[in-house]
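Reader: I would like a close look at a single residue in this model, followed outward to whatever surrounds it. Please take it step by step, and keep the reasoning explicit.

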Amino acid sequence: REALKVLCNLVLSCPEARAPCADNGLTLGLCRRARQIGPDPGASFLQLRLLFLLTALRLDERRRLGLELRGLPLLTDLLQRTLGQEGAAAPGPEQPTLARQ
């Protein structure tokens, strides 16, 4: 957990730290780990935060997460588990989708 906190702070505050994180596959690793996450809400929150920071601050990682890693369903599921809303309804096909940038 503490390592995730440090990474979140580094990615947020240091642009020079973002490139090595992206280049070394941190987004892919976080996605893999998110699919295996257990009941620890603290760890899942930090993973969600780190994924958010990487994709918010790096356009290439945002595209990769959305296109290659099927990130929207993954992040939605992770957010629901983190917030304890496992019974929440998933968006249906009639609802508008997010525009890709």
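Author: T55 has a relative accessibility of 10%, and because the cut-off for a buried residue is under 20%, T55 counts as buried. This applies to a predicted model, and T55 has its place in helix α4, which covers residues 41-57. The side chain of T55 makes a polar contact within the protein, reaching the backbone oxygen of F52 at 3.2 Å. Once the neighbours within four places in sequence are left aside, the residues in contact with T55 are E61, R62 and L65.

The helix that holds T55 also matters for the nonpolar interior, since α4 gives the largest nonpolar core its largest share, six residues. That core has 18 residues, and those with the most contacts inside it are V11, L26, L30, C31, L50 and L54. At least two residues of this core come from each of α1, α3 (26-35), α4 and α6. L26, one of the residues with the most contacts in the core, touches C21, L50 and L54 when residues up to four places away in sequence are not counted.

The contact between L26 and C21 leads on to the cysteines. C21 has a relative accessibility of 13% and therefore counts as buried, and C8, at 0%, is likewise counted as buried. A search of the whole structure nevertheless finds zero disulfides. For C8, which is in no disulfide, the nearest cysteine sulfur is that of C21, 9.9 Å away. The sulfur of C21 has its closest cysteine sulfur in C14, and because the distance is 9.2 Å, the two are too far apart for a bond.

Seen as a whole, the protein chain has six helices and zero strands, and buried residues make up 34% of its 101 residues. Among the contacts between residues at least 6 apart in sequence, 73% join residues that are at least 24 apart. The accessible surface of the chain comes to about 6,700 Å², with 58% of that area belonging to carbon and sulfur atoms.

How far these details can be read depends on confidence. The protein chain averages a pLDDT of 77, and 77% of the residues score at least 70. Confidence is highest in helix α1 (residues 2-13), at a mean of 91, and lowest in helix α6 (residues 71-83), at 77. Where pLDDT is low, predicted coordinates should not be read in detail.

Terms used:
Residues numbered from 1 in each chain as written. Predicted model: local features only at pLDDT ≥ 70, side-chain atom pairs only at ≥ 80, totals over all residues. Heavy atoms only, no water. pLDDT = per-residue confidence, 0-100. Helix = DSSP H or I, 4+ residues; strand = E, 2+ residues; numbered from the N terminus. Disulfide = S-S within 2.5 Å. Buried < 20%, exposed > 50% of the residue type's maximum accessible area, 1.4 Å probe, protein only. Polar contact = N/O pair within 3.5 Å; in protein donor to acceptor, adjacent residues only side chain to side chain. Contact = heavy atoms within 4.5 Å. Core = buried A, V, L, I, M, F, W, Y, C linked by side-chain atoms within 4.5 Å. Areas by Shrake-Rupley, 256 points an atom, 1.4 Å probe, with all protein chains shown as cover.
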